Amino acid sequence: MSEITSSIPLQINPDLQEERDKASFNVTELTHIIYGGIEKTKKRKRLEKLLFSDPFFQEYQNVRAFGSRSEYYAASVKKSTKIFKLRRQHKWTDEEYETVLDICHDDLALTLHHTMFIPALERLATEDQKSKWLTLAKQYKIIGTYAQTELGHGTYLQGLETTATYDPQTREFVMNTPTLSAMKWWPGSLGKSSNHALVLATLIISGKKYGMHPFLVQLRSMDDHKVLPGVRVGDIGAKMGGNSVDNGYLILDNVRIPRNNMLMKNAQVSPDGKFVTRGPSKANYATMMLIRVQICTMAYQVVSSGATIGIRYSAVRRQSKLDPQDREPKILEYQTQQYKIFPGLAMSYAFLFASRSLTRKYEEAFAEIQRGDFKSLPELHCLSSGLKSFCSEHSVRQVEIIRQSCGGHGYLNAAGLGMLVNAAAPMITVEGENTVMYLQLARYILKRFAGAMSGQQLDGSTSYLSMDPATYVCPVMSETDCRNLTALCDIYRYRSYMTVCRVARQVQHDMESDMPQHVAINKNLVDLVRAAKAHSYYIVVKDFVEGVDALVASAPVIKVLRTLCCFYAAHGIAEYSGDFLESEAVGLHQLKWIKNLQVSLLGEIRPDAVALVDAFDYHDITLSSALGCYDGNAYERLFKSTENDPMNKEEVHPSYYQYLKPFMEEMNKSKL
Ligand SMILES: CCCCCCCCCCCCCC(=O)SCCNC(=O)CCNC(=O)[C@H](O)C(C)(C)COP(=O)(O)OP(=O)(O)OC[C@H]1O[C@@H](n2cnc3c(N)ncnc32)[C@H](O)[C@@H]1OP(=O)(O)O
Ligand SMILES: Cc1cc2nc3c(=O)[nH]c(=O)nc-3n(C[C@H](O)[C@H](O)[C@H](O)COP(=O)(O)OP(=O)(O)OC[C@H]3O[C@@H](n4cnc5c(N)ncnc54)[C@H](O)[C@@H]3O)c2cc1C
């Protein structure tokens, strides 16, 4: 017993080393592919070293795990300011700064300043306004947030009640929260951190409403951070996760701001109160679209972190018996364990390629929009809405499955999985609740489908809706065909087509039966969401297949990625087999072959599983998991983590003297 210590061995756990030794491909090569080249990988490693050589980042993990809410928030403010200072000191480019945020992999208290306030100023302010506020914001001379959601409305933006009433006499806007439900509720960094907010409010001029517009409102004094007159602001309380962020409430009591504080890139109010608009009516929704695109990348990071923890732990955890003559096997040997974790591994690579493709499309469309050409906006809105929903839904679900696959230890905070699930869970809700976003996509698909029916040639992600379904023959004719990625992709495409076609016909039929449009739509909402999900699944599979096909890499890397891609597609067909059969994208024979393939691919992926997660190259501090550490010394690290637990600070806890001791004394005296 005396040999048991909490020190961490210097060597890699031999069980993990054994996995690394048998990898069929070069891990570093794949890491370079993931991060976009050798130079980018090197730069990321340099930044990682710079950050994590500061002991604060290690200490931060302890506060995160064991600190009170307020201590965690304070540490996170410290972390945010440290990163801001480092950015200035090292003159990081935007790309380098993004990399640092990825490395930190954690909600920063001041995250909204960077993720929404600055991008909103960039997208919604005029050049003059940018030269003033964007400069101040980038130099951290003002700290801001994006305050759109209200207690009463988050989804339905037309229902927002905060008003900005123009007063031509003073050339000011009067910002007001007229009701309880109109108070801003949820914005990150609002409660305690921000001194400014971009408040989204309904513009009113001479009693007439002109829709939702952005207004820059100062909330706190720049001298002492005290709340300004007419402003009430605070934190909304502890959440399931992300408690380093002070999501807040805001009440404005007829607060006056200068006319120029309305961000006027897309619409202007002249000094005498004339309203002029430029570009499409949804131009002010631009910041939300950017974050939806980023959520797909976050989903990749979440699921790949979860897969890393789950696979490394499964390679060092031994339990029960397979061969009665042999020692206890690694739990990774069990087929059921592989079936729980490998879908998350394959999904990581699928989302890597899908988010990369979406980001590229976003950047191209954004460049066009900056030039005043809005033609790709509807396509991008719907693509980003669908993929944001799909990637967030699937990644959060998969990480929870991985958490369960780690047995009891997966339930500990030190495992890092529970915190990951809880931190990632809001991806499903933020920037448009997933069902609502799927329905935005469904609305677009229905329109495009109607266009195709009337002979329009479609382009973009929905171009396949012009296909002639009569020409479809399931491309899988034998078990070997199941490995053909193009064939699998065709199956997804046809299933999506049929799902869209069926609901479109049903909606049309209902409307022709004299049902009002809104009733017909509501009657079919479940199937509309199903169609949007089928379409999104097809896009993700297509992006994965095309991404792998386009790779310039060594044969072993291509081979292992093709295997994962095949597994991802086969697993989806097996999991949603009802949909695939119903749409006749596959028959019973094909389904059986694909299910067989899915299971045999588990065995093919198995020898490369650890190498495939090593390729994500997450730093131990980024992963923040005793189970998922690179060295695989999970038990030692779990035991070590108890050292920082405040519960273990005293041999006898104060509650003993306060409650347990008097209680025991009373019990001992009692005659009962
Ligand atoms: C470790 C991991 C960490 C993870 C951390 C996670 C937390 C990270 C922190 C994150 C921080 C989180 C921060 C936050 O959460 S910030 C708050 C985010 N809030 C939202 O996203 C609100 C969601 N609601 C909406 O966007 C709108 O109200 C919707 C879209 C639902 C309806 O809208 P509306 O009622 O106005 O319109 P309509 O239905 O009459 O449709 C009208 C037309 O408009 C088109 N349209 C709609 N939108 C767009 C658009 N964008 N671009 C182009 N077009 C668009 C649409 O296609 C339709 O076109 P058409 O059919 O007529 O041609
Ligand atoms: C962690 C976190 C951070 C956030 N940060 C910010 C921020 O920085 N700034 C900000 O402004 N906001 C922020 N929000 C708010 C967030 O954007 C909203 O919560 C989100 O847009 C969802 O809106 P809601 O809460 O009104 O959901 P609701 O719309 O009330 O959704 C509740 C249910 O109603 C259903 N529903 C609603 N409308 C429809 C419909 N048309 N059709 C079918 N079903 C429907 C939904 O599907 C859902 O099941 C944050 C929220 C969270 C959780």
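**Exercise 1. Helix α12 and its packing**

Task: in this predicted model, find which elements the buried residues of α12 pack against, and decide whether the helix is enclosed or open.

Solution.
1. The packing partners of the buried residues of α12 are α9 (286-316) and α11 (377-405).
2. The residues concerned are L417, M419, L420, V421, A423 and A424.
3. Helix α12 runs over residues 417-424, and 6 of its 8 residues are buried, so the helix is largely enclosed by the rest of the structure.

**Exercise 2. The two annotated binding-site positions**

Task: UniProt (unreviewed entry) places the feature "binding site" at T149 and G188. Determine whether these positions gather at one spot or lie scattered, and describe the setting of T149 and of G188.

Solution.
1. The two positions span 40 residues in sequence, yet their C-alpha atoms are not more than 10.6 Å apart, so they gather at one spot.
2. T149 belongs to the loop between β1 and β2 (163-167). Within 10 Å it has 18 other C-beta atoms. A residue counts as buried at 20 or more such atoms and as exposed at 12 or fewer, so T149 is partly exposed.
3. Beyond its neighbours within four places in sequence, T149 is in contact with G154, K184, W185, W186 and P187.
4. G188 sits in the loop between β4 (184-185) and β5 (196-205). It has 28 other C-beta atoms within 10 Å, so it is buried.
5. With neighbours within four places in sequence again left aside, the contacts of G188 are T111, L112, T145, V245 and N247.

**Exercise 3. The shell around ligand 2**

Task: state which residues are closest to ligand 2, which elements give two or more residues to its shell, and how the shell divides by residue class.

Solution.
1. Ligand 2 is surrounded by 22 residues, of which Q148, T149, G154, T155 and T435 are the closest.
2. Two elements, β1 (144-147) and α13 (434-453), give two or more residues to this shell. The largest share, 3 residues, is that of α13.
3. By class, the shell has 9 nonpolar, 11 polar and 2 charged residues.
4. Domain 1 (120-278) and domain 2 (287-455 + 485-613) each supply at least three residues to the shell around ligand 2.
5. T149, one of the closest residues here, is also one of the "binding site" positions in the UniProt entry.

**Exercise 4. The shell around ligand 1**

Task: work out where ligand 1 lies with respect to the two domains, and which element gives the largest share of its shell.

Solution.
1. Among the 30 residues around ligand 1, those that come nearest are L157, Y285, H381, V430 and G432.
2. Helices α9, α11, α12 and α13 each give two or more residues to the shell. The largest share, 5 residues, comes from α9.
3. The division by class is 18 nonpolar, 9 polar and 3 charged.
4. Both domain 1 and domain 2 give residues to this shell, so ligand 1 lies between them.

**Exercise 5. Domains and their contact**

Task: give the separation of the two domain centres, the residues that each domain brings to the contact, and the helix content of residues 285-446.

Solution.
1. The division is into domain 1 (120-278) and domain 2 (287-455 + 485-613), with C-alpha centres 36 Å apart.
2. Domain 1 brings 7 residues to the contact and domain 2 brings 8. On the domain 1 side these are 3 nonpolar, 3 polar and 1 charged.
3. The UniProt annotation "domain: Acyl-CoA oxidase C-alpha1" (unreviewed entry) covers residues 285-446. This span is 72% helix and 0% strand, and its end C-alpha atoms lie 22 Å apart.

Definitions and conventions:
Residues are numbered from 1 along each chain as its sequence is written. Chains are lettered from A and ligands numbered from 1 in the order in which they are written. This is a predicted model: local features need pLDDT of at least 70, side-chain atom pairs count only at pLDDT 80 or more; totals for chains, interfaces and linings use all residues. Helices (H or I, at least four residues) and strands (E, at least two) are DSSP runs, numbered from the N terminus. Two residues are in contact if their C-beta atoms, placed from the backbone, lie within 7 Å. A residue is near a molecule or strand if its C-beta atom, placed from the backbone, lies within 6 Å of it. Ala, Val, Leu, Ile, Met, Phe, Trp, Tyr, Cys and Pro count as nonpolar, Asp, Glu, Lys and Arg as charged, and the others, Gly among them, as polar. Domain bounds come from an automatic or database domain assignment. UniProt positions are given in the numbering used here, feature names are shortened, and annotations may be inferred rather than shown by experiment.
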